[in-house]
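Please look through the structure shown below, and keep it at hand while the paragraphs that follow lead from one part of it to the next.

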Amino acid sequence: MVNVEEIRDYAAGLLEKGEVKSVLGFRRGSASAFAEPCTITNVGEAASLVWDPTCLNNLALYLVKDRKQQAVSKTPDTRPVGIVAKGCDSRAIGVLLQENYFKREDVVVIGVSCEGTGVVDPRKLSAKLKGRTASRVTFAVQGSTSVAGGRTPGATDGADGINVSVYGDETETVIPAREVLADRCLECRAAAPALNDVVFGNTVEARDFNEPFHAAKEAERLSEDERWATWERHFDRCLRCFACRAVCPMCYCPECVVDSTTFVVTLGTSAEEKANRIRWCERSANTSESAVYHLTRAIHLAGRCIDCGECERVCPVNIPLRLLNTKLEKEAFEMFEYQAGHDIEQASLLSSFRDEDPNSFIR
Amino acid sequence: MTKRTGVFVCHCGKNIAATVDVKKVAQELAKDDGVVFSEDYVYMCSDPGQTAVIDAIKDNNLNGMVISCCSPTLHEKTFRDASELGDLNAFQCEIANIREQCAWVHKDMEVATEKALKITRASVRRVQHNQALEPIGVPVTRRAMVVGAGIAGIQAALDLTDAGLDVVLVEKQATIGGNMLKLSETFPTLDCSQCILSPKMVSVSKNSKITLMTESEVESISGFVGNFKVKIKKKAEFVDPELCKLCDDCTPVCPVAVPNEYDVGLTNRRAIHIPFAQAIPASFTLDEEACLGLNPVVCGKCEEVCDVGAIDYDKKPTVTEEDIGAIIVSTGFDLYGMEHMGEFGGGRYPDVLDGLQFERLCSASGATEGHIMRPSDHKVPKEIVFIQCSGSRDPENHCAYCSKICCMYTAKHATLYKHHVPDGQAYIFYIDIRSGGKGYEEFVQRSMENDGVIYLRGRVSRVYEKDGKLRVMGVDTLAGRNVEIDADMVVLAQAMEPSKGTAEIAKILKIARDKDGFLAEAHPKLKPVESVTAGIYLAGAAQGPKDIPETVSQAGAAASKVIALLSKDQLAHSPMVAKVRDPYCTGCEMCVDACPYDAITLVDGKASVNEVLCEGCGSCVGVCVRAAIDVKNVTQLQIHEMISAIMA
Amino acid sequence: MEKILRQEKLREWVDTLDDCEVYAPAFADSVWNFARVEAGTDIDLSHTNTIGSVKAFTFPQREVFFRFEKKDGVPVLTPTLPDPKPTVVFGVRPCDGRGMPRNDTVFNKEFEDPYYWARRNKLTLVGLACNQPHSPNCFCQSVGGSPHAEEGLDILMTDLGDRFHVKGVTAKGVEAMERGRDAFDAVSDADQTEVDKVHETSRSYPQRPIGDLDAISEALRESFDSPLWADMAQHCIGCGICTFLCPTCHCFDINDEVISPTTGEGERVRTWDNCQFPDFTMHTSGHNPRGDLGSRLRQRVNHKFLYFVENHKTQQCTGCGRCITECPVGIDIVAVLERVGQS
Amino acid sequence: MSNPSQTTEVQDFEPRIVAFLCKWCSSAGSDLAGVSRIQYSANATPITIPCSGSVSPMYILSAFNKGADGVLISGCHPGDCHYMEGNYLARRKLYLVKELLQFIGLESDRFRMSWVSAAEGAKFAEVVDEFVEDLRVLGPQNRLKAER
């Protein structure tokens, strides 16, 4: 069981000893029942850190942002950053290390095991509440609220509930955890961060939720026409707000190849180059252009996506974007025995091959 | 820069014009953005055609040119040279292939014209984004390496030194000479193999420009054409060749006997041995695997008897690094293993031999001193059966290809047999007789007519031992009957295959192999001695089955290619290489991992291309998720423009 | 015109609008959003608020301005002014309703945007009062609105349980009600009392306070260079959720979408743009006057509570709370205003 | 969405294919088809690229976006790559692209990959002809095509 006090003490310790310039963690926000990211820089703030099933974000994103900021800063602060990381978040750090985005010594990983549970999927909760807002979400042990946001030790079957208070309705509902846990948590194979400097919580081996890649496998079962009907609907309603890309720690490219909102222009950029940027897809938010955008993003994340599910979580129109990524991760795992974020020394999925890679699909 | 693109559409006589409305293509393209000149012409590659290109460039001040004609493999160079004469950079000229890829494969004029238009239009869009490029100059190390010192390697090395080049000759075995050394006589002239080979071997040993490294193998290579760095590993030299005086006091005391490679296993040798009397280098050598003395507690006999103290068990392998400008690979062949020929008793019956073993039986330097006798009982075989295409031309079970030399050497074997055993009878089972070569057909005819060799057209189904004889079950398809012969000896004309280690050397040197495992030439017709890697050439049977004259020719050809290459002060490397778009690169190293040439490294956290190593394959482009790398003149922008042009 | 519409008569009324495209909220893919109502199907008005605002009916995410092509080397333009069928949207929440006149102002200032108005003139908005706030992030009353505000709506409906109180606010609204007159009943005194009570109750729920709006404008003006902005935007990811979902954000980009580079055929297209994207203010030179997240957050807030006030004498924000609820990292415009106000 | 079963459409329909051919094997193979005068469908327009390994997934998506009915990538047989490894890299990458396109419901016959050596002129012609026939059955590609 993760005691949030331990996380707070550890973070305070790091700051006190000057081992890190800041600690990325979660705190209660003003906006919703869900925790929000925070960056604490002094010992006193450590008390505001929280840890519970509403800590959704993959904070590795902010390691990327920090590096980008330091790169343009006139007075860069290169001290390490501490980060509260779940299993998936630590894999993101693994991929970033594999891709030399920063160095191992630049980060202190405060690992937190999700043990037998995971995080709540706000959209699933919304579906349960038919769009109404949860004002309070806590894990429940046998129907009663646990203390201090702590988690159920060894809860592996998802039978434990999640307490939800609905805004404007003061009664508290208990929903079975497996009904509102995020798909990524239900399918997670490594709920404890393997890459860490410290881990709080136990490594729970048996998690009796869904098989890996369950949702993608379900989606595969549909017929071709059904699959297209589904994805046409999804691509069609995409707003192209780029929240999926903005929230993804792997989408750290200085300029997105497919639809940029950030242009890389330096003093050396010629007028020729500016005039000849490739437009692989147009800005129009219609099916075809959004398809190019999302499919490119999926293929560019092949072997890099660590299934934190952030893209899917933040999508305001609830496109199941994670499916595209997990589909490719499934293929990478089954056909190429490749898992992203597990080995920071391995050559990336697409820049390596094996003689026995599938060949029969080729004429 | 304002685009001023010119287009020429070639009729190629009627070759293109019969199916493609070349005038229409030219007229349509004239309307395209940036096209300021577009015409058709009957033969672009003719002198007037080329002059028209030069004039069009000058008259219209063109900064891009597309010639819509035949495959770029044919005339890209022609028109790029012409462009240069018109003061247009060669790389601003592109070829649109509307002959092989269009006119010749379609009949409907309307359809073919439409496609030709698309192909040409795509090239126009591409050339409008081409940059002027200059070949990359690379300094040259005027020193060559030859890997494998059989007849191919020896010939190549000698030819190279004749041109004044220094040569490192690397041989895996303890002596140079290769397979040719094992041959008795050679077809069709029947001159003695050793007699013609050993003078060349001696020339090698006496040649001060050749650094001979026997019992050595290439360990790794880096660098690029003109500037390779090669690491060569030499086995521990337990016997000092400078000190060894060939007294042969050591072999009698050696307690270990192993099969003698030189005699293809027909005789044994000791752990300490000289491969054969005329070996080059002339020295005894110690077989590391067989010797007991490397553990001095067990044995140390040879060291004890060596008066000059030439033997030192404590020697270690050495690795040297050589600077090399060009490489010839001549690693030769092995015979296809007898163990594959179970139906012929290969590897099972001592009197079923392969071709090389039979050569040793015929050779005066062989175990039997040139007397043909059965290994099993030393009796002279009175009935002998030769089976051709043993393991060759059998795609289902063995090798698909023809081993080329077997027809001839089997005829030679039968002839030699008759010379040794005049009262014996030789039979040859064959599928076809392939005797293309000077004097070859006459030689085969002689063997039939003068030596009474019986040629049976058909396959052998089985060979088995019966009553001390080898019963050969075959079929004579010409007579349409089954044939059974009780033979005393059976000789299998085993297929040639690339020598053991070919795969490894190909991998180390980064040269391709064909589907049969032989080293692949860069072009089957036009670049038969070049490998796909610049600066590495091929000679001899490592590239494919061939006989001695052909091997010697190819070795000479490879040597002359190297001589030509190394005669320049600088080499020109294609400038169509990868270029990193610095601001986009994040240093993730995916391109570094993907590059087959190790041409990309990280410098200050960004990918950096060694333009001399880069071959422009674009593997880096295919893996870079940031589009931070492009191959010059085949950029992603250009591909995008080509797709647009085709789909518009 | 005020009428009573029994729940079961709703469909009868909707069916009389058969020459119109009718839209109403529908719960699909775990979100409420406006969806086309096919004739004869029921409308579900139990929604909270739609994820997308009603602005997309007049300001679609993609608007074609004209088509172009090259004929004999000369560019030829073909206008493509939209000509939509009359459109009726049900279930519009008052905050979205209040957004509409704000957008009207923008698209009518100095220049009347023909594309916007071609759609706007055919649009009838049927509002639904909020009997209680849907989310803790509702703050319509703090920006001068109310849960039953009529501004911008053509009709305001109020849910009375088994029936709706329906009020025609504009002539367009009255006309729509006239067409379904047989479905309506007269309003009794008891009904009127109940409506008033529901409205009163709905106003009584606590909402997040902003305080004096003039003071906020002033505070924003003064805090332009404040380091607070960088701090408050520290976790902003720079996505477009807040502005794309906002009922009053209306910035756009214009691009030529080329269909065939050979024939020069294509369309000039207006798409939504967003001040939170870095390229929004980027110059060709590479210089970006709003190069950091803080300045972009400031722009969004200032636009709503300072610049719009300066230009149009009212706050642009209508308090729907979408930007707060949907922000992936918890950026909260009310909290932002509070911090700016305190500084 | 189109209905491919409408017969008139199928009969009149000429699929448009973008064919990315590696310079060393498949483009040379198509040259050989030409030299051998092997007749095949004109529906595939070739773009010669250095190596199948240089194909960015963007090329494929872009071709479909621009209205290609089919996309063909052709390279050297495994082991025969002029650049040794490029086709292996291509194979892994394009397997994933293929899987992804199928996953979202693009008709699986619209994306094809082949190994065609410089000696396989006849095979190149067969690959194109078969592809064209399969695409004729499917009808026009409207799923990823830009709606402009």
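In this predicted model, a good place to begin is chain B, where strand β11 (residues 216–224) and strand β12 (residues 227–234) run antiparallel and are joined by eight bridges. At one end of this pairing, B:F224 of β11(B) has B:N227 in β12(B) standing opposite. The two strands form a hairpin with two residues between them, and in that hairpin B:G226 takes a positive phi near 85 degrees. Strand β12(B) also pairs with strand β17 (residues 318–324) of chain B, again in the antiparallel sense, through seven bridges. Within that second pairing, B:K234 has B:T318 of β17(B) as its bridge partner. Strands of a sheet pair through backbone hydrogen bonds, and they may do so either parallel or antiparallel.

The parallel arrangement can be found elsewhere in chain B, in an open sheet of five strands whose order is β20-β27-β21-β22-β23. Its edges are formed by β20 (352–354) and β23 (454–457) of chain B, and because each of these has a single partner strand, one side of each is left without a neighbour in the sheet. From one strand to the next, the twist averages 20 degrees. Inside this sheet, strand β21 (residues 383–390) of chain B pairs with strand β27 (residues 489–494) of chain B over five bridges, in the parallel sense, and B:V385 stands opposite B:V490 in β27(B). Across β21, β22 (425–430) and β27 of chain B lies helix α11 (residues 406–420) of chain B, which runs at about 170 degrees to β21(B).

Chain B also meets another chain, and where they touch, 39 residues of chain B are in contact with 40 residues of chain D. On the side of chain B, the elements that give two or more residues to this contact are α4 (99–103), α5 (109–127), α16 (619–623) and α17 (636–647) of chain B. Which of these gives the most? That element is α17(B), with eight residues. Sorted by class, the side of chain B that touches chain D has 20 nonpolar, eleven polar and eight charged residues.

Turning to the partner, chain D contains five helices and four strands, and from the N terminus on its elements run α-β-α-β-α-β-α-β-α. A compact globule of 148 residues would have a radius of gyration near 15 Å, and the 15 Å of chain D therefore agrees with that expectation. Its C-alpha trace spans about 45 × 35 × 20 Å along the principal axes, and 72% of the 148 residues of chain D count as buried. Among contacts in chain D between residues at least 6 apart in sequence, 84% join residues at least 24 apart.

Chain A can be described in a similar way, beginning with its secondary structure, which comes to 13 helices and nine strands. The radius of gyration of chain A is 21 Å, close to the 21 Å given by the globule rule for 363 residues, so chain A is as compact as a globular protein of that length. Along its principal axes, the C-alpha trace of chain A spans about 60 × 55 × 45 Å. Of the 363 residues in chain A, 55% are buried, and of the contacts in chain A between residues at least 6 apart in sequence, 70% join residues at least 24 apart.

Notes. Residues are numbered from 1 along each chain as its sequence is written. Chains are lettered from A and ligands numbered from 1 in the order in which they are written. This is a predicted model: local features need pLDDT of at least 70, side-chain atom pairs count only at pLDDT 80 or more; totals for chains, interfaces and linings use all residues. The radius of gyration is taken over C-alpha atoms; the globule rule is 2.2 Å times the number of residues to the power 0.38. A residue is buried if 20 or more other C-beta atoms lie within 10 Å of its own, exposed if 12 or fewer, and partly exposed in between; C-beta atoms are placed from the backbone. Two residues are in contact if their C-beta atoms, placed from the backbone, lie within 7 Å. Ala, Val, Leu, Ile, Met, Phe, Trp, Tyr, Cys and Pro count as nonpolar, Asp, Glu, Lys and Arg as charged, and the others, Gly among them, as polar. Two strands pair if DSSP finds at least two bridges between them. Axes are lines fitted to C-alpha atoms, for helices over the stretch in contact, and angles run from 0 to 180 degrees between N-to-C directions.
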